[in-house]
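Visitor: Please take me in for a close look at one part of this model. After that, walk me outward from there to the rest of the chain.

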Amino acid sequence: LVEGNPVLFNITIPEGRNIYEIAKLFKEKGILESEEKFVKLAKSAELISELDIGDAPSIEGYLYPETYSFAPNTPAKMILKTMMKQFKIATSKLDLAGSRLTPHEVVILASIVEKETGAPFERPTIAGVYHNRLKKKMRLQADPTTIYGIYHRDGKFNGNLRKKDLLEKGPYNTYKIYGLPLGPICNPGFEALKATL
């Protein structure tokens, strides 16, 4: 009462979670009132423009995995901006423009690398495989991109990837499209970004 310090909840966002999973974590912790508002705002063209991400379908990929402290019922916009700010701080030592890919493409590819393995020593090899496929203009054929396409379409994934999902053409199904998917499929950590570069 004297100092006016708010009650804060600590929440750890692991590497490789997408906006739908992050919204659920915040809701379960009592920090966020509505998962739907969080996801809708993360896809808002106005917020994407304000955060200067470029031509992206959402701010997926830029919500840096970290431990945060927030008060109950923190506005979704404040959470998203805080996580984006942390992304910029954490990646300031990486030269995201120092690749043949654009900085946004680096984040897209890093998100795929992040979802493909939990073993840090495998990340550079996996990134190399995808770089080679991109150079040869091959399809990436990455299951995690197809799974994200289901999240993007339905807002959830039941854990069951079926053959019909792999055959369905969409902006995230890298079995059907060439090159990178429409946008990042999760929020990669530092090591995945570094391996991709």
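Guide: First, a word on the labels: helices (H or I, at least four residues) and strands (E, at least two) are DSSP runs, numbered from the N terminus. With that settled, our part is helix α5, where Ile-112 lies. This is a predicted model, in which local features need pLDDT of at least 70 and side-chain atom pairs count only at pLDDT 80 or more, while totals for chains, interfaces and linings use all residues. Residues are numbered from 1 along each chain as its sequence is written, and side-chain values use heavy atoms, with hydrogens and water left out.

Ile-112 has 0% relative accessibility, so it counts as buried (buried is under 20% relative accessible area, exposed is over 50%, and partly exposed is in between, with a 1.4 Å probe and protein chains only). Who surrounds it? Setting aside neighbours within four places in sequence, Ile-112 is in contact with Tyr-130, Leu-140, Ala-142, Thr-145, Leu-180, Pro-181 and Ile-185; contact here means heavy atoms within 4.5 Å. Of these partners, Tyr-130 belongs to α6 (123-135), and Thr-145 to α7 (143-154). For a sense of distance, the C-alpha atoms of Ile-112 and Lys-43 are 19 Å apart, with their positions 69 residues apart along the chain.

Ser-111 also sits in α5, which covers residues 103-116. Its relative accessibility is 0% as well, so Ser-111 is buried. Beyond residues up to four places away in sequence, Ser-111 touches Pro-184, Ile-185, Cys-186 and Pro-188. Ile-185 thus turns up on the contact list of Ser-111 and on that of Ile-112.

Several of those partners come from the loop between α8 (163-167) and α9 (190-196), and Gly-170 is found in that loop too. Gly-170 is partly exposed, at 22% relative accessibility. Its C-alpha lies 9.2 Å from that of Leu-182, which is 12 residues away along the chain.

Back towards the N terminus, helix α1 (residues 19-29) has the buried residues Ile-19, Tyr-20, Ile-22, Ala-23 and Phe-26. They take up an arc of only 165° around the axis, which puts them on the same side of α1; the arc is that of the directions from the helix axis to the C-beta atoms. The cover over them includes β1 (9-12), α2 (35-42), β2 (67-70), α4 (76-90) and α7.

Next along is α2, with Phe-38, Val-39 and Ala-42 buried. Viewed down the axis of α2, these fall within an arc of 95°, so they line one face of the helix. An α-helix has 3.6 residues a turn, so residues three or four places apart point the same way. On the face of α2 turned away from its buried side you'll find the exposed residues Glu-36, Lys-37 and Lys-40. Among the elements covering the buried residues of α2 are α1, α3 (45-50) and α4.

α4 itself holds Lys-81, which is partly exposed with a relative accessible area of 34%. Not counting residues up to four places away, Lys-81 touches Leu-47, Glu-50 and Leu-51. Pro-6 is 75 residues from Lys-81 in sequence, and 20 Å from it in space, C-alpha to C-alpha.

Two loop residues deserve a glance at their backbone. Asn-73, in the loop between β2 and α4, has a positive phi of about 60° although it is not a glycine. At 46% relative accessibility, Asn-73 counts as partly exposed. Gln-141, in the loop between α6 and α7, is another non-glycine with a positive phi, near 50°. Gln-141 is partly exposed too, at 39% relative accessibility.

Now for the whole chain. The protein has nine helices and two strands, running β-α-α-α-β-α-α-α-α-α-α from the N terminus. The C-alpha trace spans about 65 × 40 × 35 Å along its principal axes. Of the 197 residues, 45% count as buried. Of the contacts between residues at least 6 apart in sequence, 64% join residues at least 24 apart.
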